[in-house]
Amino acid sequence: MTFDNTANENQAPAFTFHGSYTRAVDAKGRFALPFRFRQGGSVPVEEKYVVSQGADGSLSLLPYTVWIENFNRMRQGQAGPELRANMRKMSLASTVVEPDSQGRVAVSTESLARCGITKKVTVVGMGSYMELWDPDVLDGLEYGEDPVDPGFMDEFYR
């Protein structure tokens, strides 16, 4: 399945990531990308992602086209040193990764370690991108027993 990012703002993308999966991480920083999250097309070169600094202490894993679209959208902000600094930080913290023949992606062990990820990673679908978390850190956020805000839920299901 390929990622269709031709949808306009009023239209949902053809594919969204949802759910979570925990995977083992090997000594080289490789883990199997969940099959349901794979974006490969008929040609293996079509499937590539960008790993970058994420929100809330996570790493983000985005389809390459989505990362480029987001990066270019942010470049449209108010020009100046603050915009350049933020763009530079995002660029410095990003790496292109492609799944190998076994569906594994390799993230630098340094990047994983900054988020506390060592032996296991939980991949969380967040719509147009994925978050990478240390399972214990994610569990510590206590989302499991905390219900979704009712106002958010009303808006989500309207």
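**Helix packing and a pocket**

User: Does H1 pass H2 in a left-handed or a right-handed crossing?
Analyst: In this predicted model, local features need pLDDT of at least 70 and side-chain atom pairs 80 or more, while totals for chains, interfaces and linings use all residues. Residues are numbered from 1 along each chain, and side-chain values use heavy atoms, without hydrogens and water. With the near helix turned anticlockwise from the far one by less than a right angle, H1 passes H2 in a crossing that is left-handed.

User: What is the angle between H1 and H2?
Analyst: H1 spans residues 64-74 and H2 residues 81-92 (DSSP runs of H or I, at least four residues; strands are E, at least two). Their axes, fitted to C-alpha atoms, lie 11 Å apart, and on a scale from 0 to 180 degrees between N-to-C directions the angle is about 165°.

User: How is H1 oriented to H2, then?
Analyst: Angles over 145 degrees count as roughly antiparallel. That therefore makes H1, relative to H2, roughly antiparallel.

User: Which residues of H2 make the contact with H1?
Analyst: Contact means heavy atoms within 4.5 Å. H1 brings Trp67, Phe71 and Met74, and H2 brings Leu83, Met87, Met90 and Ser91.

User: Which element gives the largest share of the lining of the second largest pocket?
Analyst: This pocket (an open set of 1 Å grid points fitting a 1.4 Å probe, with protein on both sides within 12 Å along at least five of seven lines; lining atoms within 4 Å of a point) has 17 lining residues, with Trp67, Met74 and Met90 among the closest to its centre. Strands E3 (49-53) and E4 (59-63), H1 and H2 each give two or more residues. The largest share, five residues, comes from H1.

Note on methods
Parallel < 35°, antiparallel > 145°, perpendicular 65-115°, else oblique.
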